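Reader: I would like a close look at one part of this model. Please take a pair of packed helices and explain how the two meet and what lies around them.

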Amino acid sequence: MIDRKSICLSLAVLSWVGLVLGQETNTSSYAPVVQPEAFAASMSRLIAEKSTVMQRQLDLLQTRYDLRDDAAPGVTMSRGKPIQQGIRVRLTPGTSWESLASMTPEEIRDGNLFPEGFLPLPHPNQAEGGMVFPHFEIEEIKRQEARDLTRYDLDLDLPDQFLPEFPPAIFLTTRPDLGDVSRGKLVTGDNFFEMFDGILNPKQIEGLRLLVTPFPQQQFNDTTDRRSERPSRGVSCFDCHANGHTNGATHLSGDTRPQDHRHRIDTPSLRGLYVQRLFGSQRALKSVEDFTEFEQRGAYFDGDPVLATQKGVNILEHGSQVQFMAEFEELLDFPPAPKLDIYGKLDPLKATASELRGQNIFFGKGQCIVCHEPPYYTDNSTHNLQAERFFKAKMVNGLMADADGPIKTFPLRGIKDSPPYLHDGRLLTLEDTVEYFNLILGTKLSAGEKSDVVAFLRVL
């Protein structure tokens with residue numbers, strides 16, 4: 001006779017296998033708590049599968065994009081990293097950007113002509129999900145803290161040239177006279193005090209200490225349900241939001257089920273949080289304090305409080321921890337934009353003719369101003385672009401590519417420092433981004449007008 005415990009374990013095994021294979025055998029919102037496979041066996045199996053998984057994702061990227069390293073001459077991020085130029089999304093054979101712009105959404109959808117690079121981008125392994133860090137972050141954290149953010153089963157998929165510079169600059173609203181206070185260093189638990197003592201007040205220093213302190217997370221923890229070879233102290237907020245900005249680390253949204261409907265998340269910058277009123281690409285949390293607390297209690301564990309309890313959830317005290325962390329986060333400023341006036345518009349005496357034309361298109365024909373209002377180029381709202389009008393839902397490397405729903409309007413100030421673009425990083429360059437919105441919004445910009453808009457975006 002099979003007892004209740006055996007039945008439950010069998011169901012857990014089946015649901016876990018379904019998650020691994022990317023199949024919807026598990027219709028529950030809950031992941032199994034008891035792991036049906038020993039850690040050594042799981043690690044050995046996933047290591048053996050890694051090359052196949054990563055090659056499948058690389059094949060997808062190469063099919064969608066032109067991945068060559070082609071930097072824009074004379075245009076760099078705040079600390080000097082070159083910016084990639086040109087449209088990298090590949091067109092469907094037999095089409096052109098002009099022909100697509102002349103078609104209706106229905107014609108594009110029915111003809112399967114929507115560029116693959118405009119579809120939602122899956123996680124490097126959608127069935128597994130979880131935090132994946134760029135190699136330069138992993139190497140620097142190892143060097144400074146002897147803490148390893150390597151996943152034995154996955155690597156980040158996007159090439160370095162399409163990621164933000166590392167380490168990023170840090171600008172503070174309270175000390176604009178100091179310029180970039182990073183001194184070219186990645187801020188960690190090893191150096192935060194020496195770097196900021198005398199610049200921040202004691203509350204802010206304590207908030208920063210918590211932001212660089214690692215805490216348990218779904219893939220990095222002390223249990224056998226982890227994706228690091230050795231038990232891990234966890235991850236810190238600034239492991240993804242390097243220097244209060246972003247390093248291009250990726251994850252899956254914890255808000256949606258089942259697994260194949262969860263959206264990839266490109267780590268957003270924390271710069272300019274002081275002007276923002278919604279937090280999370282779709283969660284619409286109403287304060288950075290709410291966001292900070294939610295991340296620790298739930299998002300670190302794929303939005304599953306049951307798993308969080310098992311792995312060691314970090315319950316922050318609101319008055320002396322959450323508030324202090326938020327106070328530091330709200331000091332992080334956008335990079336200087338010397339061509340903008342106090343209203344966030346171009347100074348005609350400093351801007352080029354192309355940049356001025358781009359500004360006029362941005363505020364006029366391009367309709368960008370509808371969502372991205374100066375001086376910070378956000379409306380603190382969410383919008384549904386309804387891009388699904390242009391394509392038929394389909395499975396892509398384990399992701400059901402369909403409607404995105406309403407997405408937060410992120411600020412465009414300092415946008416050149418924050419590739420790749422859109423909430424899931426599907427757009428590799430600003431040119432890709434302008435082309436995407438030209439099609440989705442039906443603005444029918446000419447090639448010259450698109451180039452001018454890119455020139456404007458680069459100086460924001």
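Author: A crossing of two helices is called left-handed if the near helix is turned anticlockwise from the far one by less than a right angle, and right-handed if it is turned clockwise. With that in hand, take helices α13 and α14 of this predicted model. Helix α13 covers residues 430-441 and helix α14 covers residues 447-458. Their axes come within 10 Å and cross at roughly 125°. Angles from 65 to 115 degrees count as roughly perpendicular and those over 145 as roughly antiparallel, and α13 and α14 are therefore oblique to each other. The crossing of this pair is right-handed.

The contact itself is made on the α13 side by L430, E431, V434, E435 and N438, and on the α14 side by K450, V453, V454, L457 and R458. Sorted by class, five of these residues are nonpolar, one is polar and four are charged.

One of the contact residues leads on to the surroundings. L457, together with F114 and F118, touches the most other members of the largest nonpolar core, which has 49 residues. The elements that give two or more residues to this core are α2 (39-64), α3 (97-101), α12 (353-363), α13 and α14. The most come from α13, which gives five.

F114 shows how the core is joined up: apart from its neighbours within four places in sequence, F114 is in contact with T92, I108, L119, F390, F391, Y436, L439 and I440. There is also a second, separate core of 43 residues, with I170, L186, L211 and F220 among them.

Note on methods: Residues numbered from 1 in each chain as written. Predicted model: local features only at pLDDT ≥ 70, side-chain atom pairs only at ≥ 80, totals over all residues. Heavy atoms only, no water. Axes fitted to C-alpha atoms, helices over the stretch in contact; angles between N-to-C directions. Helix = DSSP H or I, 4+ residues; strand = E, 2+ residues; numbered from the N terminus. Parallel < 35°, antiparallel > 145°, perpendicular 65-115°, else oblique. Contact = heavy atoms within 4.5 Å. Nonpolar A, V, L, I, M, F, W, Y, C, P; charged D, E, K, R; others polar. Core = buried A, V, L, I, M, F, W, Y, C linked by side-chain atoms within 4.5 Å. Buried < 20%, exposed > 50% of the residue type's maximum accessible area, 1.4 Å probe, protein only.
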